[in-house]
Structure formats: structure tokens, C-alpha cells
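Morning, everyone. Please have the structure open on your screens. I'll start as soon as it is up.

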Amino acid sequence: MKKQKDPFQPVPSSFFDKVFEVVRQIPKGRVSSYGAIAETLGSAGSSRMVGWAMNASHLVVPPVPAHRVVNRNGMLTGKHFFGTGKEMQELLEQEGIEVKDDKVVRFKELFWHPGV
DNA sequence: TTCCTGACTCCAG
DNA sequence: CCTGGAGCCAGGA
């Protein structure tokens, strides 16, 4: 018997859904880091998986605010994946987040820890 | 099944 | 100061 996905089973499709769920909880005007998210998911150290999940974030609904996710330095490592490359920065600035040199200003203050 | 890749992070030089 | 290598886990070919 091959394993079959039951449409009635609300089981999380994959690791990705968990990531999306956490990222969507990031309040507007705040940012988070891949490592913090990975840690919240219980897979601390798999920060790469978080970023990888973000690569597919634009394919899921509701849309995931991936622009609020940066690396532990507050650097916009994934900005290149936002179309032209400065869309991510503009999105952050629209939320009142100041970005300079591809880094979030006052990242430490704007940092939002998942799970709170 | 195996092999490769990746929007990260840490440690060493 | 900056650069390189290793570890990490999940998914696609």
C-alpha cells in the first residue's frame, strides 16, 4: 500500500508550512531572523531550510512577508530574490523600517522573536 | 535509492 | 577588517 495523502487530514504538508506560519506572525514594522525561526520550529541549526522555504513563499497563500526575514546580522540576504533587488528594501521602508547598506537599522530593536 | 543544492550560522586564519 | 570551510536538514532529479 503506497502512502497516500488524505485530503481530510489537516497535517502540515511540510516543514515549509511551519515556516510560513511563523513568518506570517511577524508584526508589521518588525523583522525576524532565519535562525530564530528555525529554532522555533524545533530545527535549530537548519536556518538554511528557513531561507529555502522562503524561496517558495511567494507560491503559497496567503502571501508570506518574507521581506521581514533577514539573517542574524539584519542584512537583507534575500533581497535579490525580490524581483529587482530593492523591492525588499522598499517594502521594509514602507513599514517604517530603515534600511541602510542592505542592513536593517536598529535591527536589534526591531527584532521580533517568534513565539511571543 | 543516491547525489546535489541552498534567502544561514559558526569558527578559524 | 575580510575570506574560507564545515555543519546543518529537507526536497528535487
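Look at DNA strand C. Which helix supplies the largest share of the surface near that strand? The answer is α3, with three residues. Keep in mind that this is a predicted model. Two helices, α1 (15–24) and α3, each bring at least two residues to the surface near DNA strand C.

Now the names. S14, F15, F16, S46, R48, M49 and W52 surround DNA strand C. Of the strand's atoms that come within 4 Å of the protein, 48% are sugar and phosphate. By type, the surface residues are four nonpolar, two polar and one charged. Zoom in on R48. A polar atom of the R48 side chain sits 3.0 Å from a base nitrogen of DNA strand C.

On to DNA strand B. How many residues surround DNA strand B? There are 17, and the closest are Y34, M49, M54, N71 and R72. You have met M49 already, in the list around DNA strand C.

Three contacts are worth finding on your screen. First, M54: one of the backbone N or O atoms of M54 is 2.8 Å from a base nitrogen of DNA strand B. Next, N55: a polar backbone atom of N55 lies 3.3 Å from a base nitrogen of DNA strand B. Then R72: here a side-chain N or O atom is 2.9 Å from a phosphate oxygen of DNA strand B. As for elements, α2 (34–41) and α3 (47–55) are the ones that give two or more residues to this surface. The most comes from α3, with seven residues.

What is the make-up of the surface near DNA strand B? Count seven nonpolar residues, eight polar and two charged. On the DNA side, 44% of the strand B atoms within 4 Å of the protein belong to sugar or phosphate. The rest belong to bases.

Let's leave the DNA and pick one serine. S33 is in strand β1 (residues 32–33). Is S33 buried or exposed? The relative accessibility of S33 is 7%, so this residue counts as buried. Which residues touch S33, if we skip its neighbours within four places in sequence? They are V69, V70, N71, R72, F107 and F111. Two of those names are familiar: N71 and R72 are among the closest residues to DNA strand B.

Last topic: salt bridges. Side chains of opposite charge can pair when their charged atoms come close. How many salt bridges are there here? The count is four. I'll show you some of them.

Start with R68 and E95, whose closest N and O atoms are 2.8 Å apart. The two residues are 27 apart in the chain. R68 is in the loop between α3 and β2 (69–70), and E95 is in the loop between α4 (87–94) and β3 (99–100). R68 is buried, because its relative accessibility is 11%. E95 has 17%, so E95 counts as buried too.

Then D102 and K79. Their closest N and O atoms are 3.1 Å apart. D102 lies in the loop between β3 and β4 (103–104), K79 in the loop between β2 and α4, so the pair ties together parts 23 residues apart in sequence. D102, at 27%, counts as partly exposed. K79, at 24%, is partly exposed as well.

Finally, K103 and D101. Their side chains form a salt bridge at 3.5 Å, N to O. K103 is partly exposed, at 35% relative accessible area. D101 counts as exposed, at 61%.

How values were computed:
Residues numbered from 1 in each chain as written. Chains lettered and ligands numbered in written order. Predicted model: local features only at pLDDT ≥ 70, side-chain atom pairs only at ≥ 80, totals over all residues. Heavy atoms only, no water. Near = heavy atom within 4 Å. Polar contact = N/O pair within 3.5 Å; in protein donor to acceptor, adjacent residues only side chain to side chain. Helix = DSSP H or I, 4+ residues; strand = E, 2+ residues; numbered from the N terminus. Nonpolar A, V, L, I, M, F, W, Y, C, P; charged D, E, K, R; others polar. Buried < 20%, exposed > 50% of the residue type's maximum accessible area, 1.4 Å probe, protein only. Contact = heavy atoms within 4.5 Å.
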